[in-house]
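Visitor: Please take me through one part of this model at close range. I would like to look at the strands and how they pair.

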Amino acid sequence: MNFLSILAAAATQVTSQPAPGWVEFVKNPMFPLILLIAVMYIFMFRANKNKTKKREAQLSQIKRGDRVQTIGGILGTVVEVRDSEVLLKVDESSNTKIRFARSAVHRVIDEEKTEPTK
């Protein structure tokens, strides 16, 4: 036997262990795309969760005398606050009051710093 045939026979006899399943998954060309989608989902979910917590905290702290804007765009002053309802005075001259669900309040208007609605 010549040297090359011995070397070829030795190479075929050496068996390497198969790679674990996760290594094969990482070698997949779709892996970076899947990873990117997973990271984007995590960040979007986290941002939405923070926004929801901030809104719930704002709604729970509404008190009499606060100036608020409803989801429909109605501006008014809080007259009465109940568990799930808010009574707003929307017109000073005719003393018009409207009762809203607490969840219909969009934001509390801060007179000192007026910021544009996003």
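Guide: Here is a walk along the strands, with one buried side chain at the end.
This is a predicted model, in which local features need pLDDT of at least 70, side-chain atom pairs count only at pLDDT 80 or more, and totals for chains, interfaces and linings use all residues. Residues are numbered from 1 along each chain as its sequence is written, and side-chain values use heavy atoms, with hydrogens and water left out.

Start with strand 2, residues 75-81. Strands here are DSSP runs of E, at least two residues long, numbered from the N terminus. Strand 2 runs antiparallel to strand 3, residues 85-91, and four bridges join them. Two strands count as paired if DSSP finds at least two bridges between them. One bridge sets Thr77 opposite Lys89 of strand 3. Three residues make the hairpin link from strand 2 to strand 3.

Strand 3 also pairs with strand 4, residues 96-101. That pairing is antiparallel too, over six bridges. Leu87 has Arg99 of strand 4 as its bridge partner. Four residues lie between strand 3 and strand 4 in their hairpin. In that turn, Asn95 has a positive phi of about 55°.

Now go to strand 1, residues 67-70, which holds Gln69. Gln69 counts as buried because its relative accessibility is 14%; buried means under 20% relative accessible area, exposed over 50%, partly exposed in between (1.4 Å probe, protein chains only). The Gln69 side chain makes a polar contact of 2.9 Å with the side chain of Arg107. A polar contact is a pair of N or O atoms within 3.5 Å; within protein, one must be able to donate a hydrogen and the other to accept it, and residues adjacent in sequence count only if both atoms are side-chain atoms.
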